[in-house]
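Student: I should like to study this structure with you. May we look at the sequence and the model together?

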Amino acid sequence: QVQLVESGGGLVQPGGSLRLSCAASGTLINIYTMGWYRQAPGKQRELVANITSSGNTDYADSVKGRSTISRDYAKNTVALQMNSLKPEDTAVYYCNAQLVVSGIPVHDYWGQGTQVTVSS
């Protein structure tokens, strides 16, 4: 079992920056792929960025070049730094921990979500 707690959401002006953090607790956290997803009203949840147990990262095209995901393996935390924020980045952001075995997701855990609103 993995528990995830997000922090760092809020209201930011267009062009601004925000850093989301996620603290994970449980066993063998380091073997999980950790990531951030978001869901805007009326839209499906989508991947923003993730980082594997070995440190490989992947980003959605919409945030590539504006966001950086990082992970502290000692503290079991994952962070998402977002810059040059746009109104279309407005969404509830969810931290995710996924156990992948032989390329197949076998466990998925989610945080409660944190609201990010980009507006002037």
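Student: Over the ring of which residue, at 4.5 Å from its centre, does the charged end of R45 sit?

Tutor: This is a predicted model, in which local features need pLDDT of at least 70, side-chain atom pairs count only at pLDDT 80 or more, and totals for chains, interfaces and linings use all residues. Residues are numbered from 1 along each chain as its sequence is written, and side-chain values use heavy atoms, with hydrogens and water left out. A charge sits over a ring if NZ of Lys or CZ of Arg is within 6 Å of the ring centre and within 35 degrees of the ring normal. At 4.5 Å from the ring centre, the charged end of R45 sits over the ring of W110.

Student: How far is the charged end of R45 from the centre of the ring of Y94?

Tutor: The charged end of R45 also sits over the ring of Y94. Its distance from the centre of that ring is 3.8 Å.

Student: Why is the pair of Y37 and W110 called edge-to-face?

Tutor: Rings of Phe, Tyr and Trp (its six-membered ring) pair if their centres lie within 6.5 Å; planes under 30 degrees apart count as stacked, over 60 as edge-to-face and the rest as tilted. The structure holds 3 aromatic pairs. In the pair of Y37 and W110 the centres are 5.0 Å apart, and the pair is edge-to-face because the planes stand at 70 degrees.

Student: Which strands hold Y37 and W110?

Tutor: Strands (E, at least two residues) are DSSP runs, numbered from the N terminus. The two residues are 73 residues apart, and their pair links distant parts of the chain. Y37 lies in strand β4 (residues 33-39) and W110 in strand β10 (residues 104-110).

Student: Is Y37 buried or exposed?

Tutor: Buried means under 20% relative accessible area, exposed over 50%, and partly exposed in between (1.4 Å probe, protein chains only). W110, at 36% relative accessibility, counts as partly exposed. Y37 has 18% relative accessibility and therefore counts as buried.

Student: At what angle do the planes of the rings of Y94 and W110 stand?

Tutor: The centres of these rings are 6.4 Å apart, and the pair is edge-to-face. Its planes are at 90 degrees.

Student: Which residues do ring pairs link into a cluster?

Tutor: Y94 lies in strand β9 (residues 91-101) and W110 in strand β10, so their pair ties together parts that are 16 residues apart in sequence. Y94 counts as buried, at 15% relative accessibility. The cluster linked by ring pairs consists of Y37, Y94 and W110.

Note on methods:
Helices (H or I, at least four residues) and strands (E, at least two) are DSSP runs, numbered from the N terminus.
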